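User: I would like to go through the terms used for this protein and see what each one rests on. Please take them one at a time.

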Amino acid sequence: MLLWGVSLDGILGALISIVIIKAGIEMLASPVNELLGTSISAELTKQIIKEVSAFEGVHGVFDLILHNYGPDIKIGSLHINVYDTMSAHEIHGLTRKITMQMIERHGIIMTVGIYAIATGDNRHAELQTQVMQTLATRKDIVQVHGFYYSEKENLLSVDVVPDISIHDDAAFASQLTHEIQPLVPDMQVVIVVDHNYSE
C-alpha cells in the first residue's frame with residue numbers, strides 16, 4: 001500500500017476466505033459421501049464376479065450392487081443362476097459359502113438372491129430357450145437373465161440390461177413385450193429393465 005497506494009487487505013481477505021471455504025467443502029464431502037454410500041471400484045466388482053462364478057453350482061452372476069459406508073462397512077447384493085434341480089438345502093449352503101467368502105476376503109456384507117435355470121425336457125425349459133434366443137438377437141440388449149415362468153400365476157418374466165442407447169425404459173419394455181407375447185399369447189409378460197450399477 002505504501003509503494004503503490006493500493007489497499008490489499010480486502011483482496012487478501014477474499015482470497016483467504018475462498019481457500020477456507022474450499023477446504024471446508026472438501027472436508028464435509030468425504031463423510032457425507034460415506035453416509036450416503038459411494039460406489040466401489042470397477043476392479044473390485046470384476047473380482048467379486050470372478051470369485052462368485054468360481055463356486056460350484058453357480059452358472060452366472062447378475063445384478064451386482066456394492067456400496068461403501070465407511071472404512072469398515074461395505075454392503076452389497078447380487079443374484080446367481082442355479083439349476084432348478086438344486087434343493088433348498090444345497091442352495092442355502094451355496095449362498096452361505098458365498099457370503100462368508102465375501103466378508104472374509106473383502107469385508108462386504110453380501111445378500112445373495114437366486115435365479116433358477118430350467119432344466120429337463122419340459123415347457124418351462126423350452127420357453128426359456130426361446131425367450132433367451134429371441135432377446136439375444138437384439139444388439140441393444142447387453143444381458144438377459146432372471147427368466148421366470150409360472151403356469152399357476154399365468155406369468156412370464158425376464159430381466160434385460162439395455163445398452164446406453166436406450167433412454168426410455170418403459171417404451172423399451174413395451175417393445176420387448178410385443179416381441180415375446182406371441183410365444184405365450186394367453187399369459188402376462190413382464191419385462192424388467194435392469195441397469196448395471198457397479199461397472
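**Terms and what they rest on**

Analyst: We can start with Ser150, which is part of strand 4 (residues 141-150). Bear in mind throughout that the model is predicted.

User: Why is Ser150 called buried?

Analyst: Its relative accessible area is 9%. Buried means under 20%, so Ser150 with its 9% counts as buried.

User: Which residues does Ser150 touch, leaving out those up to four places away in sequence?

Analyst: Ser150 touches Leu155 and Met187.

User: Where does strand 4 fit in the whole protein?

Analyst: The protein has 5 helices and 6 strands. Along the sequence they follow the pattern α-α-β-β-α-β-α-β-β-α-β. Of the 199 residues, 35% are buried.

User: Why are helix 4 and helix 5 called oblique to each other?

Analyst: The axes of helix 4 (residues 123-136) and helix 5 (residues 169-180) cross at roughly 130°. Roughly perpendicular covers 65 to 115 degrees, and roughly antiparallel needs over 145. An angle of roughly 130° falls in neither class, and therefore the two helices are oblique to each other. Their axes come within 11 Å, and helix 4 passes helix 5 in a right-handed crossing.

User: Which residues make the contact between helix 4 and helix 5?

Analyst: Helix 4 contributes Val131, Thr134 and Leu135, while helix 5 contributes Leu176, Glu179 and Ile180.

User: What makes 4 of the contact residues nonpolar, 1 polar and 1 charged?

Analyst: Val, Leu and Ile count as nonpolar, and Glu counts as charged. Val131, Leu135, Leu176 and Ile180 are therefore the nonpolar ones, and Glu179 is the charged one. Thr is in neither of those lists, so Thr134 counts as polar. That gives the division into 4 nonpolar, 1 polar and 1 charged.

User: How many salt bridges does the structure hold?

Analyst: The structure holds 4 salt bridges. One of them joins Glu51 and Arg105.

User: How do you know that Glu51 forms a salt bridge with Arg105?

Analyst: The closest N and O atoms of Glu51 and Arg105 are 3.6 Å apart. A salt bridge needs a side-chain nitrogen of Lys or Arg within 4 Å of a carboxyl oxygen of Asp or Glu, so the pair qualifies at 3.6 Å. Glu51 is in helix 2 (residues 42-53) and Arg105 in helix 3 (residues 88-106), so the bridge ties together parts 54 residues apart in sequence.

User: Is Glu51 buried or exposed, and is Arg105 buried or exposed?

Analyst: Glu51 has a relative accessible area of 9%, which is under 20%, so Glu51 is buried. Arg105 has 54% relative accessibility, which is over 50%, so Arg105 counts as exposed.

User: What makes Arg138, Asp140 and Glu179 a network of salt bridges?

Analyst: Arg138 forms a salt bridge with Asp140, the closest N and O atoms being 2.7 Å apart. Glu179 forms a salt bridge with Arg138, with 2.2 Å between the closest N and O atoms. Both distances are within 4 Å, so both pairs qualify. Arg138 takes part in each pair, and the three residues are linked in a network.

User: Why is Glu179 called partly exposed and Arg138 buried?

Analyst: Glu179 has a relative accessible area of 31%. That lies between 20% and 50%, so Glu179 is partly exposed. Arg138 has 14% relative accessibility, which is under 20%, so Arg138 counts as buried. Asp140 is buried too.

Terms used. Residues numbered from 1 in each chain as written. Predicted model: local features only at pLDDT ≥ 70, side-chain atom pairs only at ≥ 80, totals over all residues. Heavy atoms only, no water. Helix = DSSP H or I, 4+ residues; strand = E, 2+ residues; numbered from the N terminus. Buried < 20%, exposed > 50% of the residue type's maximum accessible area, 1.4 Å probe, protein only. Contact = heavy atoms within 4.5 Å. Axes fitted to C-alpha atoms, helices over the stretch in contact; angles between N-to-C directions. Parallel < 35°, antiparallel > 145°, perpendicular 65-115°, else oblique. Left-handed = near helix turned anticlockwise from the far one by under 90°.
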